[in-house]
Amino acid sequence: VAGKTHVRVAYRKWQDQRREFGTASEFDDSGFVFSTPEAKVFWSAMTPKVDRKSLEQWRQATLIPFLSDISKEGGKDISQNLFVEPDFERDIYTETLNGIEKTSRPETLTFGEVIDLDDNLVIAAPSESGKTTLIKKWAMVLATRSALSGVWSIPVVLNYKKLGKWLNRVEASVRQQLPDLPDGLTAGAILEAGMITLLIDDADLRSGDIKAAFDQFVSKYNANRFVLLTSTPYLQGAGIAPVIVPDVKFSHVRLKALRNSQLLTLIENHGTKDPTEADRLLQRMLQEASSLNVPITPVTGTFLIQIYTEDTSRPLINRANLVERYVEISLEKFAPADLLPSSFDFHNKTDLLSYIASGMCRTGQYEIEDTAFVAEVESYFKEFGLRFSAVDLLSYFVQARILVRSGTLVRFRLNA
């Protein structure tokens with residue numbers, strides 16, 4: 001501190017197995033030492049105080065119900081025991097015998113082990129791998145732990161795209177996720193004390209206004225823990241050490257695909273308890289997911305289970321019927337609610353998609369330019385006297401995971 005003689009030193013110890021620096025707790029539990037007893041008093045006064053007893057009451061009375069309501073958004077309540085804990089993977093680096101080169105090996109971590117890590121994390125997860133459900137479950141796990149514990153961290157769930165383009169907007173987003181704090185306790189004080197785990201969904205690590213504001217926030221409040229879930233393609237592979245914010249370390253972890261045993265648990269959690277029937281559904285799921293060209297993830301697996309088991313009044317007749325039901329569920333879950341008017345209903349959407357698909361079949365071109373797609377849609381609208389935006393329709397179906405856009409090319413995601 002300028003003009004002061006009070007010195008605080010943060011000791012860090014090299015963790016050989018993890019190949020990184022960590023807290024040197026053998027010097028002090030906090031990893032800090034002070035030049036004098038007076039210096040410790042001085043720095044203690046500089047650090048915001050938090051009343052943990054009132055925080056514990058707030059955790060039980062306010063935070064848990066608040067997060068429980070968030071967990072029910074989107075029609076899927078994670079408290080209903082539908083969540084299946086996934087595994088994670090990270091690379092462990094070791095030196096070779098010559099002491100110059102390094103080799104790496106993958107290490108599998110459980111959901112609980114990842115939660116208990118001290119690191120800031122970038123978690124690479126493919127699209128439709130259940131990132132949003134995972135992040136909500138993570139928050140609930142933290143919320144159920146006692147605030148009287150010296151290491152307790154308040155979970156704050158945020159969507160990256162809604163953070164805003166300015167630092168004060170990011171700070172406001174955090175405040176909104178800390179409702180009705182006890183008297184005398186502010187979100188700013190909690191952030192300054194480093195007592196928050198920020199769980200950021202759909203993080204886009206490319207440069208931009210939101211990224212710049214987020215970088216400022218992380219630098220300002222770097223005592224907190226940051227967990228970013230992203231589908232950024234270059235992070236899906238091994239060996240990437242992400243630099244998110246200069247001088248703030250992040251570790252890279254990958255979400256692993258569900259094993260067959262975990263898929264069986266997912267099936268059983270949806271109500272199929274008979275082992276023989278559950279195994280039959282698993283084999284059917286794997287076969288049809290492969291034929292539809294969709295990966296088996298918690299999201300797509302749940303779609304198929306729902307189709308197979310949860311609506312007996314609408315039995316599957318053939319594969320076309322399966323595709324139609326899958327499209328219907330995808331639209332319900334992923335399609336943006338405000339992009340199209342409600343008058344353009346499910347029948348209109350499926351009829352339009354059939355029109356586009358039949359055109360592809362006639363020409364033998366199953367991947368077309370986006371301009372050609374827009375022209376086909378406009379032709380359809382003209383034929384039936386409809387007035388909608390063809391460009392909005394393209395964006396709608398891409399966001400709903402019905403179509404895939406690669407550069408200027410558009411194709412169907414499912415194989416019919």
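# Reading helices, burial and backbone angles

Me: Glutamate 56 sits in helix α2, which covers residues 52–71. Does glutamate 56 count as buried or exposed?

Reply: This is a predicted model, so keep that in mind throughout. As for the general idea, a residue is called buried if its relative accessible area is under 20%. Glutamate 56 comes in at 10%, so it counts as buried.

Me: What does the side chain of glutamate 56 reach?

Reply: Look for the polar partner, then for the other residues around it. The glutamate 56 side chain gets to the backbone nitrogen of alanine 147, at 2.7 Å. If you skip residues up to four places away in sequence, glutamate 56 touches Ser146, Ala147 and Leu148. That puts alanine 147 in both the polar pairing and the list of touching residues.

Me: Let's zoom out. How many helices and strands does the protein chain have, and what share of its residues is buried?

Reply: The secondary structure of the protein chain adds up to 14 helices and 14 strands. The chain has 416 residues, and 44% of them count as buried.

Me: And how do I read sequence separation in the contacts?

Reply: Start from contacts between residues at least 6 apart in sequence; in the protein chain, 68% of those join residues at least 24 apart. For a single example, try isoleucine 135, which belongs to helix α4 (residues 131–143). Isoleucine 135 and leucine 229 are 94 residues apart along the chain, yet their C-alpha atoms are separated by 8.2 Å.

Me: What else is isoleucine 135 in contact with, and how accessible is it?

Reply: Its relative accessible area is 1%, so isoleucine 135 is buried. Ignoring neighbours within four places in sequence, its contacts are Val157, Leu199, Ile200, Asp201 and Leu229.

Me: Now helix packing. How are two packed helices described?

Reply: You quote the angle between their axes and the distance between the axes. Take α5 (residues 167–176) and α7 (residues 209–220): they pack at about 65°, with axes 8 Å apart. That is why α5 and α7 are described as roughly perpendicular to each other. The α5 and α7 crossing is right-handed.

Me: Which residues meet where α5 packs on α7?

Reply: From α5 you have Leu167, Val170, Glu171 and Val174; from α7, Ala213, Gln216, Phe217 and Lys220. Sorted by type, the residues of that contact are five nonpolar, one polar and two charged.

Me: Which residues of α5 are buried, and what covers them?

Reply: The buried ones are Val170, Glu171, Ala172, Ser173 and Val174. Their cover includes α7, along with β8 (154–159), α6 (187–192) and β9 (196–201).

Me: Staying with α7, what is aspartate 215 in contact with?

Reply: Aspartate 215 is found in helix α7. With neighbours within four places in sequence left aside, aspartate 215 is in contact with Ile244 and Val245. The C-alpha atoms of aspartate 215 and valine 245 are separated by 5.7 Å, and the two residues are 30 apart along the chain. Aspartate 215 has 18% relative accessibility, so it counts as buried.

Me: Can we compare another helix pair? At what angle do α12 and α13 pack?

Reply: Use the angle and the axis distance again. Helix α12 (residues 346–363) and helix α13 (residues 370–384) pack at about 125°, with axes 10 Å apart. That angle makes α12 oblique to α13. Their crossing is right-handed. On the α12 side the contact uses Asn348, Asp351, Leu352, Tyr355 and Ile356, while α13 brings Phe373, Glu376, Val377, Ser379, Tyr380 and Glu383. By type, the residues of the α12 and α13 contact are six nonpolar, two polar and three charged.

Me: Last topic, backbone angles. What is the phi of aspartate 180?

Reply: Check the sign of phi first, then whether the residue is a glycine. Aspartate 180 is not a glycine, but it has a positive phi of about 50°. You'll find aspartate 180 in the loop between α5 and α6. With a relative accessible area of 64%, aspartate 180 is exposed.

Me: And arginine 401: what is its phi, and where does it lie?

Reply: Arginine 401 has a phi near 65°, again a positive value in a residue other than glycine. It lies in the loop between α14 (390–399) and β13 (403–406). The relative accessible area of arginine 401 is 27%, so it is partly exposed.

Key:
Residues are numbered from 1 along each chain as its sequence is written. This is a predicted model: local features need pLDDT of at least 70, side-chain atom pairs count only at pLDDT 80 or more; totals for chains, interfaces and linings use all residues. Side-chain values use heavy atoms; hydrogens and water are left out. Axes are lines fitted to C-alpha atoms, for helices over the stretch in contact, and angles run from 0 to 180 degrees between N-to-C directions. Helices (H or I, at least four residues) and strands (E, at least two) are DSSP runs, numbered from the N terminus. Angles under 35 degrees count as roughly parallel, over 145 as roughly antiparallel, 65 to 115 as roughly perpendicular and the rest as oblique. A crossing is left-handed if the near helix is turned anticlockwise from the far one by less than a right angle, and right-handed if clockwise. Contact means heavy atoms within 4.5 Å. Ala, Val, Leu, Ile, Met, Phe, Trp, Tyr, Cys and Pro count as nonpolar, Asp, Glu, Lys and Arg as charged, and the others, Gly among them, as polar. Buried means under 20% relative accessible area, exposed over 50%, partly exposed in between (1.4 Å probe, protein chains only). A polar contact is a pair of N or O atoms within 3.5 Å; within protein, one must be able to donate a hydrogen and the other to accept it, and residues adjacent in sequence count only if both atoms are side-chain atoms.
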